[in-house]
Amino acid sequence: QVQLVESGGGLVEPGGSLRLSCTTSGFSFSSAVMRWHRQAPGKQRELVAGLNVLGHSERYADSVQGRFTMSRDDAASTVYLQMDSLKPEDTAVYLCEAITPNNGDYNSFWGQGTQVTVSS
């Protein structure tokens, strides 16, 4: 059974930092493209960061470039999102996605998300 479990969210003041984790199981993590998305109330889901196999080809949304860093630990089947210089507009539910190859096609798996609130 595929599982993705996000953790590390919480309430932080503007300018603060948080480190999110997404621990996975049930699929070949080393073969998966991993992504972080966020969903704010009343807004469309936004792709925040993506990391290909072996940690190559990092991609970040313009809104987080230079402030967020995504990394992966294949031995622990876990991805991280280090978020620095947080702003109130970063407030959202952050969700982890795994994209795995499947006989020429792809599967997409999602976690339940972790809430991040940036407020003074």
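**Phe109, the Cys22–Cys96 link and strand β9**

Let me start with Phe109, which is partly exposed, with a relative accessible area of 23%; here buried means under 20% relative accessible area, exposed over 50% and partly exposed in between, with a 1.4 Å probe and protein chains only. What we have above is a predicted model, in which local features need pLDDT of at least 70 and side-chain atom pairs count only at pLDDT 80 or more, while totals for chains, interfaces and linings use all residues. Residues are numbered from 1 along each chain as its sequence is written, and side-chain values use heavy atoms, with hydrogens and water left out.

Phe109 belongs to an aromatic cluster, in which its partners are Phe27 and Phe29. The structure holds two aromatic pairs (rings of Phe, Tyr and Trp, the last by its six-membered ring, with centres within 6.5 Å; planes under 30 degrees apart are stacked, over 60 edge-to-face, the rest tilted). In the pair of Phe27 and Phe29, the ring centres are 6.4 Å apart and the planes stand at 40°, so this pair is tilted. For Phe27 and Phe109, the centres are 6.1 Å apart and the planes are at 20°, so here the rings are stacked. This second pair links distant parts of the chain, 82 residues apart, since Phe27 sits in the loop between β3 (18-25) and β4 (33-39), whereas Phe109 sits in strand β10 (residues 105-110). Strands here are DSSP runs of E, at least two residues long, numbered from the N terminus. Phe27 itself is buried, at a relative accessible area of 18%, and Phe29 is buried as well.

Phe29 also has a charged neighbour, for Arg72 lies over the face of its ring, at 4.6 Å from the ring centre, and elsewhere the charged end of Arg19 sits over the ring of Tyr80, 4.0 Å from the centre. The criterion is NZ of Lys or CZ of Arg within 6 Å of the ring centre and within 35 degrees of the ring normal. Arg72 appears again among the contacts of Val53, which, leaving aside neighbours within four places in sequence, are Ser30, Ser31, Ala32 and Arg72 (contact being heavy atoms within 4.5 Å). Val53 is placed in the loop between β5 (46-51) and β6 (59-60), and at 31% relative accessibility this residue counts as partly exposed. Its C-alpha lies 5.7 Å from that of Val33, although the two are 20 residues apart in sequence.

How many disulfides does a search of the whole structure find? There is one, formed by Cys22 and Cys96 with their sulfur atoms 2.2 Å apart, where the cut-off for a pair of cysteine sulfur atoms is 2.5 Å. The link is left-handed, with -85° about the S-S bond, and it connects distant parts of the chain, with Cys22 in strand β3 and Cys96 in strand β9 (residues 92-102), 74 residues apart. Both of these cysteines are buried.

That brings me to β9, which is mostly covered, with eight of its 11 residues buried. Strand β9 runs antiparallel to β4 over seven bridges, with Met34 standing opposite Ala98; pairing of strands requires that DSSP finds at least two bridges. There are also six bridges, again antiparallel, between β9 and β10, where Asn102 stands opposite Asp105, and three antiparallel bridges between β9 and strand β11 (residues 114-118), where Ala92 stands opposite Val116. Strands β9 and β10 form a hairpin with two residues between them, and in the turn Asn103 has a positive phi of about 50°.

Let me finish with Glu97, which lies in β9 and is buried at 6% relative accessibility. Which side chains does Glu97 meet in polar contacts? One is the side chain of His37, at 2.7 Å, and another is that of Ser108, at 2.6 Å (N or O atoms within 3.5 Å; within protein, one able to donate a hydrogen and the other to accept it, with residues adjacent in sequence counted only if both atoms are side-chain atoms). His37 is found in strand β4 and is buried too, at 8% relative accessibility. Beyond four places in sequence, Glu97 is in contact with residues including Leu4, Met34, Phe109 and Trp110, and His37 touches Val93, Tyr94, Leu95 and Trp110, among others. Glu97 thus touches Phe109, the residue with which I began.

Methods: Helices (H or I, at least four residues) and strands (E, at least two) are DSSP runs, numbered from the N terminus.
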